[in-house]
Amino acid sequence: HDNGRGVLVGEHTFGKGLIQRVFPMPNGGALKLTVGEYMRPTLAPIEPGVGLEPDLPCLDTPRGAAEPVDACVDMAMSV
């Protein structure tokens, strides 16, 4: 996307961009710790609330057994 090597297909992301891990505590509580951050190829962070805009928008819709084909996967496979 940023470097022209790929095409993003799907929905606009909400832009969290963080990698978090939950550590259980002995008292039954938990500690949520940010252990990493996703970066764009330009080394810019994925900004909270901004996210990434796809090149080809496609809404992911629930499908049942009668619809084994996912329209967004088909779109992605065709580019």
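Helices here are DSSP runs of H or I with at least four residues, and strands are runs of E with at least two, numbered from the N terminus. With that in hand, color the chain by secondary structure and read along the sequence: the pattern is β-β-β-β-α. That makes four strands and one helix. Keep in mind as you click around that this is a predicted model.

**Whole chain first.** Show the surface. The accessible area comes to about 6,300 Å², and 60% of that belongs to carbon and sulfur atoms. Of the 79 residues, 13% count as buried. If you switch on contacts with a separation of 6 or more, 51% of them are between residues 24 or more positions apart.

**Next, select Lys32.** You'll land in strand 3, which covers residues 30-37. Is Lys32 buried or exposed? Its relative accessible area is 58%, so Lys32 is exposed, the cut-off being over 50%. Now show what surrounds Lys32: leaving aside residues up to four places away in sequence, Lys32 touches Gln20, Arg21 and Val22. Draw a distance from the C-alpha of Lys32 to the C-alpha of Val22 and you should get 4.4 Å, for two residues ten apart in sequence.

**Stay with strand 3 and pick out the nonpolar patch.** Select Ile19, Met25, Leu31, Leu33, Val35 and Tyr38; together they make a nonpolar surface patch of about 530 Å². Strand 3 gives the largest share of this patch, with three residues. Then zoom in on Met25, another patch member. Met25 sits in the loop between strand 2 (18-24) and strand 3. Its relative accessible area is 39%, which falls between the 20% and 50% cut-offs, so Met25 counts as partly exposed.

**Last stop: the cysteines.** How many disulfides does a search of the whole structure find? The search turns up one. Select Cys58 and Cys72 and show sticks: the disulfide joins these two, with the sulfurs 2.1 Å apart. The pair links distant parts of the chain, 14 residues apart: Cys58 is in the loop between strand 4 (56-57) and helix 1 (71-77), while Cys72 is in helix 1 itself. Why is this disulfide called left-handed? Look at the torsion about the S-S bond of Cys58 and Cys72: it is about -100 degrees, so the disulfide is left-handed. Put the surface back on before you leave, and remember that both Cys58 and Cys72 are buried, whereas Lys32 from the earlier stop is exposed.

Definitions and conventions: Residues numbered from 1 in each chain as written. Predicted model: local features only at pLDDT ≥ 70, side-chain atom pairs only at ≥ 80, totals over all residues. Heavy atoms only, no water. Buried < 20%, exposed > 50% of the residue type's maximum accessible area, 1.4 Å probe, protein only. Contact = heavy atoms within 4.5 Å. Areas by Shrake-Rupley, 256 points an atom, 1.4 Å probe, with all protein chains shown as cover. Disulfide = S-S within 2.5 Å. Patch = residues over 30% accessible without salt bridge, like charges linked within 9 Å, V, L, I, M, F, W, Y side chains within 5 Å. Salt bridge = Lys/Arg side-chain N within 4 Å of Asp/Glu carboxyl O.
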